[in-house]
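Subject: Structure for you to look at

Hello,

Here is the structure I said I would pass on. Please open it beside this message while you read.

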Amino acid sequence: MELYNELIRETTSLLPETVRRWDYDPAAAWEDAGSSELVLLRDTACELGGSGKDAVQYTCVTTSRALVERDEVLLWGPDLKELRADAPYARIALLRVGDIESDDGDDTAAYHAIKDMEFVKYHVFPRGYMLRVSTESHREQVRVSKQALKKGIDFRRVGCDFIRRYKENPNVLAVKLVFVTAPQAPYAALTSLAKRTTDITHALCGILDGMPMDCTACHLKPICDEVEGMKTLHFGQKGTTAL
C-alpha cells in the first residue's frame with residue numbers, strides 16, 4: 001500500500017527537528033471514558049482549534065517501515081499544561097500496516113481496511129478531552145477540561161490512548177501519532193494534505209465501484225496523474241490498459 005507514501009513524506013518534511021518524541025507505552029495511556037463526554041465551556045481549560053483557529057486531522061496508511069518505523073507520539077508546539085489560551089491544532093495519524101491487499105488482485109478488502117482504520121478516530125474518548133470531528137472539512141476540535149488538566153493530561157498520554165486503539169486492529173503494525181499546536185506551523189499546507197488524503201481514498205472507492213475507462217472523461221484523472229500507482233491500480237482492476 002504505497003498510495004499515501006508521498007503524502008507521508010510531505011507531512012514529515014514539514015516537521016522541524018525540534019519536535020518532542022515519546023515512545024509508545026500502553027501503561028501510560030490516558031484513561032479512556034469509553035464513550036463521548038460533554039465538556040461544557042465553563043469547565044474548559046483550553047480549546048484546540050476553537051475561537052476560529054486552525055484545526056486539521058487526517059490519516060495516512062503505508063506498508064513502508066522506513067516511513068513509519070515504530071510506535072511513537074510526536075508534539076510540535078506547547079503541551080496542554082503549557083497552553084495559556086485557545087490554540088491551533090492538528091492531529092495526524094501515520095499508520096504502517098501489513099499486507100491488506102488480497103491475493104486475487106481485488107482491492108475491495110484494502111479499501112475497507114483503510115476505512116476501518118480511519119474510523120478509529122470516532123472511537124477514542126480520552127477522559128476530559130472532548131473531540132468534535134468534521135470529516136468533510138478535515139477539522140478536529142478539542143475541549144480539554146480543567147479537571148483533566150489538574151490530573152495531568154498531556155499529549156503523550158492522549159497519544160498513547162490513540163495508539164492503543166489503533167493497534168487493536170491486527171492490520172496495524174506501527175503508529176506515528178503527530179500533534180501540532182505551534183502557532184507558526186503550516187496549517188494551510190497540512191489542510192491541503194488532508195484534502196489530498198481524502199481525494200485518494202475517494203478515488204480508490206471510485207475505482208472499486210467501476211469508473212469510465214476513458215481518462216479524458218474521468219474526474220479522477222488529476223489524482224491518478226499525481227499519485228504513483230493509482231492509474232496502474234485502476235486499469236489493473238479492469239484487466240486492461242489505458243488508451
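Below is what was found in it, taken by topic.

Please keep in mind that this is a predicted model.

The sheet

Three strands make up an open sheet, and their order is β2-β7-β6. The pairing between them is antiparallel. The edge positions belong to β2 (44–48) and β6 (129–134); each has a single partner strand, so one side of each has no neighbour in the sheet. From one strand to the next, the twist averages 15°. Strand β7 covers residues 139–145 and is joined to β6 by 6 bridges. To find your way along that pair, start at Met-130, whose bridge partner in β7 is Arg-143.

Glu-140

Glu-140 is located in strand β7. Its relative accessibility is 0%, so Glu-140 counts as buried. Which side chains make polar contacts with Glu-140? One is the side chain of Tyr-89, at 3.0 Å. Another is the side chain of Arg-91, at 2.8 Å. Leaving aside residues up to four places away in sequence, Glu-140 also touches Leu-48, Ala-55, Val-56, Gln-57, Leu-131, Arg-132 and Val-133, among others.

The nonpolar core

In soluble globular proteins, nonpolar side chains tend to be buried together. Here the largest nonpolar core has 64 residues. Leu-48, Tyr-129, Tyr-166 and Phe-179 have the most contacts inside that core. Phe-179 is worth clicking on: its contacts, not counting residues up to four places away in sequence, include Val-73, Leu-74, Leu-75, Trp-76, Tyr-129, Phe-155, Val-158 and Phe-162. Tyr-89 and Arg-91 are also touched by Phe-179, and both of these residues make polar contacts with Glu-140 through their side chains.

Salt bridges

There are 17 salt bridges in the structure. Three of them are described here one by one.

Glu-82 pairs with Arg-20, with 3.1 Å between the closest N and O atoms. Glu-82 lies in the loop between β4 (72–76) and β5 (89–97), while Arg-20 belongs to strand β1 (residues 20–23), so this salt bridge ties together parts 62 residues apart in sequence. Both ends are partly exposed: Glu-82 has a relative accessible area of 36%, and Arg-20 has a relative accessibility of 31%.

Asp-23 and Arg-70 meet through their side chains in a salt bridge of 3.2 Å, N to O. This pair also links distant parts of the chain, with Asp-23 in strand β1 and Arg-70 in the loop between β3 (55–62) and β4, 47 residues apart. Arg-70 is partly exposed, at 36% relative accessibility.

Asp-71 and Lys-167 form a salt bridge in which the closest N and O atoms are 3.2 Å apart. Asp-71 is in the loop between β3 and β4, and Lys-167 is in the loop between α4 (155–166) and β8 (172–180); the two are 96 residues apart. Is Asp-71 buried or exposed? Asp-71 counts as buried, with a relative accessibility of 18%. Its partner Lys-167 counts as partly exposed, at 29%.

Finally, some salt bridges are connected to one another. Arg-21, Asp-23, Glu-69, Arg-70, Glu-72 and Lys-176 are linked in a network of them. The Asp-23 and Arg-70 pair described above has both its residues in this network.

Regards

Methods:
Residues numbered from 1 in each chain as written. Predicted model: local features only at pLDDT ≥ 70, side-chain atom pairs only at ≥ 80, totals over all residues. Heavy atoms only, no water. Pairing = 2+ DSSP bridges. Helix = DSSP H or I, 4+ residues; strand = E, 2+ residues; numbered from the N terminus. Axes fitted to C-alpha atoms, helices over the stretch in contact; angles between N-to-C directions. Core = buried A, V, L, I, M, F, W, Y, C linked by side-chain atoms within 4.5 Å. Buried < 20%, exposed > 50% of the residue type's maximum accessible area, 1.4 Å probe, protein only. Contact = heavy atoms within 4.5 Å. Salt bridge = Lys/Arg side-chain N within 4 Å of Asp/Glu carboxyl O. Polar contact = N/O pair within 3.5 Å; in protein donor to acceptor, adjacent residues only side chain to side chain.
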